[in-house]
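Colleague: Can you walk me through this one? I have the sequence and the structure open.

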Amino acid sequence: RLGSHLDRTVVLVGLMGAGKSCVGRRLAARLGLSFIDSDVEFETAAGCSISDYFAKHGEAAFRDGERKVIARLMEGTPCILATGGGAFIDPETRDRIKQSALSVWIRADLDLLVKRTSGRDHRPLLKTGDPREILSRLMEARYPIYAEADIIVDSTDEPPEVTVAKICQEL
Ligand code: S3P
């Protein structure tokens, strides 16, 4: 079954802390594809961190930039693309992904998301209040939308290789 989809970019979606980047890097290595992280690409294009960008220009400007960065990345050769947690929530980006890529939602529960994001301060959305409350609200708002992904994989507190294997089974 592997191979039938590899003419398309595999886009990893899901909330902050789900493991998109960590799993994506390993998945790419396993499949012999290149790995791209849309957050990193955004920061390179913007010339500053996402945190600084949020502080200077606000979230709406970040979303505009993120949309453009992902549109450009989707035009490149097929790869494994990890996206920022809000990317698939943007209707235009979601349509683009649905049309030309294979989307994989890495689903995780609240405890795991809190654990995986705690002690890390590069996520502006989590700095505005209690991270658990914020993540819980984002879960409510976003999980119905992530559910539109082509493939859904549950990530429990397991080594990233296990999640990679689950994804490979579905490809
Ligand atoms: C965001 C998630 C972040 C980053 C930005 C906004 C979100 O990416 O794009 O801070 O809206 O969920 P990660 O999901 O890679 O942390």
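Colleague: Valine 164, is that buried or exposed?

Modeller: Valine 164 is buried, since 22 other C-beta atoms lie within 10 Å, and 20 or more is what counts as buried. Keep in mind that this is a predicted model.

Colleague: Which helix is valine 164 in?

Modeller: Valine 164 sits in helix α8, which covers residues 160-170.

Colleague: And what does valine 164 touch, leaving out residues up to four places away in sequence?

Modeller: Valine 164 touches Val23, Arg26, Leu27 and Arg30.

Colleague: How far is valine 164 from phenylalanine 54?

Modeller: Their C-alpha atoms are separated by 31 Å, and the two residues are 110 apart along the chain.

Colleague: Now valine 114. Why does that one count as partly exposed?

Modeller: Valine 114 has 19 C-beta neighbours inside 10 Å. Buried needs 20 or more and exposed needs 12 or fewer, so a value in between is partly exposed.

Colleague: Where is valine 114, and what is it in contact with?

Modeller: Valine 114 belongs to helix α6, residues 110-117. Setting aside neighbours within four places in sequence, its contacts are Pro131, Arg132 and Leu135.

Colleague: What about the distance from valine 114 to glycine 14?

Modeller: From C-alpha to C-alpha, valine 114 and glycine 14 are 14 Å apart in space, with their positions 100 residues apart in sequence.

Colleague: Different topic: helix packing. How do α3 and α4 pack?

Modeller: Helix α3, residues 50-57, packs against α4 at an angle of about 125 degrees, and the axes are 7 Å apart. That angle makes α3 oblique to α4.

Colleague: Which residues make that contact?

Modeller: From α3 there are Ile50, Tyr53, Phe54 and His57, and from α4 there are Glu59, Ala61 and Phe62. By class, the contact has five nonpolar residues, one polar and one charged.

Colleague: And what is the angle between α4 and α5?

Modeller: Helix α4 (residues 59-74) and helix α5 (residues 91-100) pack at about 10 degrees, with their axes 10 Å apart. So α4 is roughly parallel to α5, as angles under 35 degrees count that way.

Colleague: Which residues meet there?

Modeller: On the α4 side they are Arg67, Ile70, Ala71 and Met74, and these meet Glu92, Thr93, Arg96 and Ser100 in α5. The contact of α4 with α5 divides into three nonpolar, two polar and three charged residues.

Colleague: Moving to the ligand. Which residues are around it?

Modeller: The residues around the ligand are Met16, Lys20, Asp39, Ile50, Gly84, Gly85, Gly86, Arg123, Pro124 and Leu125. That shell has four nonpolar, three polar and three charged residues.

Colleague: Last topic, the whole chain. How many helices and strands are there?

Modeller: The chain has eight helices and five strands. Starting at the N terminus, the order is β-α-β-α-α-α-β-α-β-α-α-β-α.

Colleague: Why call the chain as compact as a globular protein of that length?

Modeller: Its radius of gyration is 15 Å, and the globule rule gives 16 Å for 171 residues, which is close, so the chain is as compact as a globular protein of that length. Along the principal axes, the C-alpha atoms fill a box of roughly 45 × 35 × 25 Å.

Colleague: What share of the 171 residues is buried?

Modeller: Buried residues make up 33% of the chain.

Colleague: And what share of the contacts joins residues 24 or more positions apart?

Modeller: Among contacts with a separation of 6 or more, 75% are between residues 24 or more positions apart.

Note on methods
Residues numbered from 1 in each chain as written. Predicted model: local features only at pLDDT ≥ 70, side-chain atom pairs only at ≥ 80, totals over all residues. Near = placed C-beta within 6 Å. Nonpolar A, V, L, I, M, F, W, Y, C, P; charged D, E, K, R; others polar. Axes fitted to C-alpha atoms, helices over the stretch in contact; angles between N-to-C directions. Helix = DSSP H or I, 4+ residues; strand = E, 2+ residues; numbered from the N terminus. Parallel < 35°, antiparallel > 145°, perpendicular 65-115°, else oblique. Contact = placed C-beta atoms within 7 Å. Rg over C-alpha atoms; globule rule 2.2 N^0.38 Å.
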